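The exercises below ask you to read strands, helices and empty space from a model, and each is followed by a solution in steps. Please work through each task with the structure open before reading on.

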Amino acid sequence: MNINNDFETAKISFNDFREIILNDYRLAVESRFVSLLGRKEVLTGKAKFGIFGDGKEIAQIALAKVFQQGDWRSGYYRDQTFAFASGISNIYHFFSQLYANPDLAADTSSAGRQMNCHFSTQLLDGFGNWVDQTVNKNSASDISTTGGQMSRVMGLGLASKLYRANDNLDYLRYFSKKGNEVVFCTIGNAATSEGVFWETVNAAAVKQIPVVISIWDDGYGISVPNELQTAKADISAALRGFQREGEGNGIEIFKVRGWDYPALCEVYEKAARIAREQHVPCLVHVTEITQPQGHSTSGSHERYKSKDRLVWEGEYDCNQKMRNWILESGIAPEEQLLELEREAKDVVRQEQRRAWADYHKTIQKDLDEAILLLSKIDYSLVEIPLRTLQSLAEPSLKEVYSNVRRAIRDLRAVESPEKSQLLAWYKDKQTENHDRYNDKLFTDTPDSPLRMAEVPAQYTQDSPVVDGREVLNACFDANFTRDERILAFGEDVGKIGDVNQGFAGLQEKFGELRIFDTGIRESAIIGKGVGLALRGLRPIAEIQYLDYLIYAMPVLSDDLASLSYRTKGTQKSPVIIRTRGHRLEGIWHSGSPMTVLLGGLRGLHICVPRNMTQAAGMYNTLLRSDEPAVVVECLNGYRLKEKMPANVGEFTVPLGVAELIREGKDITVVSYGATLRVVQEAAIELEKLGISLEIIDAQCLQPFDSTHICAASLSKTNKLLVVDEDMPGGASAFILQEIMEKQQGYYMLDGQPRTLSAKPHRPPYGSDGDYFTKPSVDDVIELAYEMMSEYNNQEYPNLF
């Protein structure tokens, strides 16, 4: 019989009420046994690592009662009971993830790419199209970063406000029902010490985001007690200044004990109603929670908890307290609960065994094939790897392929049909294993920016010559007119149109719902973009200067950049991060930390346009496609003169396509951004010295030069110089590797490839500091001359 376990039902019989209670208790018992059995699976070696949600079962069941279709979860790795109760996951999927099953049908959250208790719902169909979010209970993909789930709450919740307030978005019915959706965020008490928590709570209070934040408070952060974590040792007490008063903004704060089932149900019903109807953020501080197995399988909590604390945790275990309440209330007798508990454990064991069997089938198929192929090879060289595979008690794919590769190495001097069969099989399996473990860094749908058709910029005889910033402004104006989904926000973006006037006048034209200011909170700005894009909108999140992007790197790197990969392409967030950098004097506004971006943001396109026309073409491309990107505009280029394209909102610049901007015969120089102008100026002087530079604008660093024009140029000049203003060994080294290895440029060289980058420190203030810190025209001239001198010292004698 299907029982409605939602307390919003106006009238139910006592029998139905009892069934609801017993079903909830059954779920709590199942989830607890999942934790106990999961830990055992790790300790016996069948799984690598385990982290569980034991001790939080009752609070999460109460929370799940108010989680409706269309709502969103942004949680963390303690939410297994909530995932089971809401239907986001189930016991089979949970154990499949614990075993790292690479089949998306088994681990629907991550296809074995994330450790257990990291949940996600599939937002895309098999073709990369959005599914109807309003008929599902949605979960943003979890990350392990402490507190990292907070920032995207801003965008997920702001989307509800925008869908409610902007009637022009009504056609996006797959994403919202008039903004009726609530975001449910969960976090551990210790993680509330993170800056991103306070940044998000403050921003949510200012914008009045419909979110319910649950803080699971078990008194510790691993071994560190609340007294060392939080002012007043009580997060809700520390947050009292955020409490809403009268008509002003703020949040509603609730406090409830984690074992008090009736009170939990009542609090969550009230908090969800306030958030849903009034769009007021609510915070539920759930105290007196226990963690019976400690933090994870990596350690024991007996090492840092006192005997008295452990006794208290036994007495106040939420499942035990609910059990006592059921018995004392006469809802069910002891015998019935014992039978229920036995049945619950049987269900968990059954699902665990099914998950293990399915995972083992994946390994066994490859193992059997490998053994069969090796056994056909009649050489003693394969005896050891073959016997090793035949003797494996608990095989893994690592052991299968490690032994196959060993056999291939040992057979390097052997030629036989059987070896050829083994090699053919191994090559086929490399493709399959790439799909299992390496694909979907980008979502790679038909709407990928790499598939966008190139539309050249058009000019007429009357095309005006304007400041570069005016080209950007016209580009944004045209795109905002074309697509109601596009919105932009950041520090000073709204009223003054950003510090360099790219959005000047556009807030007046398109309104504060679409172009608006934010406070100085980079993590929340990026999180806002991530959440809005997950809900079908097209945000441009502006970070005022490239240096400031580092403040948001955990959100960018751990969440956005890995989103497609860690969900195996079932979630996407096509947010555009707009920023500016390069060559403004001064330590704090001059950085070009491309090394940081290249190392931390694989999974985002990194665009480095040389001028505002190229930047506009990239925005036109990105706003019509569905993958995230960072666009770094040249800070000293906004007032340089450029022609205004007649099709300023339509022309596109393809991503990953480098451009030859000057032909030459002696040296191939590859650069990007602001240093291109330095190289171009140097090229004029070098012509007077008899040296001809061929200049290539990389345009994008990720992807880089997909058409290999760098190699084509190098085949002509045979000499390579890479110029940029990142730290030594940064982006210039990345470009060098791309050309030397991927494009096989090494074979075309007749001299040492060279790089010219900034000094290994940030530039001091002033033009002189810039000159002595970053590549100058003189530096380029002298290094290019030195390269020619090494090639032909007679014609180009040493300068120094």
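**Exercise 1. Find how β10 is joined to β11, and place both strands in their sheet.**

Solution. Strand β10 (residues 486-490) and β11 run parallel and are joined by three bridges, where two strands pair if DSSP finds at least two bridges between them. Within this pairing, Ala 488 stands opposite Ile 515 of β11. The structure is a predicted model, in which local features need pLDDT of at least 70 and side-chain atom pairs count only at pLDDT 80 or more, while totals for chains, interfaces and linings use all residues. Residues are numbered from 1 along each chain as its sequence is written, and side-chain values use heavy atoms, with hydrogens and water left out. Helices (H or I, at least four residues) and strands (E, at least two) are DSSP runs, numbered from the N terminus.

The next step is the whole sheet, an open one of seven strands with mixed pairing, in the order β11-β10-β12-β13-β15-β14-β20. Its edges are β11 (515-517) and β20 (700-702), each of which has a single partner strand, so one side of each is left without a neighbour in the sheet. From one strand to the next, the twist averages 20 degrees.

**Exercise 2. Locate the cis peptide bond that involves Pro 703, and the positive phi of Asp 492.**

Solution. Most residues other than glycine have a negative phi, and most peptide bonds are trans. The cis bond joins Gln 702 and Pro 703, with omega about 5 degrees, and Pro 703 belongs to the loop between β20 and α23 (709-717). Asp 492 has a phi near 70 degrees, which is positive in a residue other than glycine, and Asp 492 lies in the loop between β10 and α16 (506-510).

**Exercise 3. Give the strand order of the six-stranded sheet, and find the helix that lies across β3, β4, β7 and β8.**

Solution. The order of this open sheet is β2-β1-β3-β4-β8-β7, and the pairing is parallel. Because β2 (138-139) and β7 (252-257) stand at the edges with a single partner strand each, one side of each is left without a neighbour in the sheet. Strand β1 (residues 72-74) pairs with β2 over two bridges in the parallel sense, and Arg 73 has Ser 139 of β2 as its bridge partner. The helix is α8 (residues 261-278), which lies across β3 (183-188), β4 (211-216), β7 and β8 (282-287) and runs at about 165 degrees to β7. Here axes are lines fitted to C-alpha atoms, for helices over the stretch in contact, and angles run from 0 to 180 degrees between N-to-C directions; contact means heavy atoms within 4.5 Å.

**Exercise 4. Describe how α5 packs on α6.**

Solution. Helix α5 (residues 152-165) and helix α6 (residues 195-207) have axes 10 Å apart and pack at an angle of about 10 degrees. That makes α5 roughly parallel to α6, a term for angles under 35 degrees. The contact is made by Val 153, Met 154, Leu 158 and Lys 161 of α5, together with Thr 200, Ala 203, Ala 204 and Lys 207 of α6.

**Exercise 5. State the volume of the largest pocket, and name the elements that give two or more residues to its lining.**

Solution. The volume is about 430 Å³, a volume being the space filled by probe spheres set on grid points that are joined across faces, edges and corners. On a 1 Å grid over the protein atoms alone, a pocket is an open set of points where a 1.4 Å probe fits, with protein on both sides within 12 Å along at least five of seven lines, and lining residues have an atom within 4 Å of a point. Of the 22 lining residues, Lys 46, Ala 47, Lys 48, Tyr 99 and Tyr 359 are the closest to the centre of the largest pocket. The elements are α4 (91-98), α11 (334-375) and α13 (397-410).

Conventions
Angles under 35 degrees count as roughly parallel, over 145 as roughly antiparallel, 65 to 115 as roughly perpendicular and the rest as oblique.
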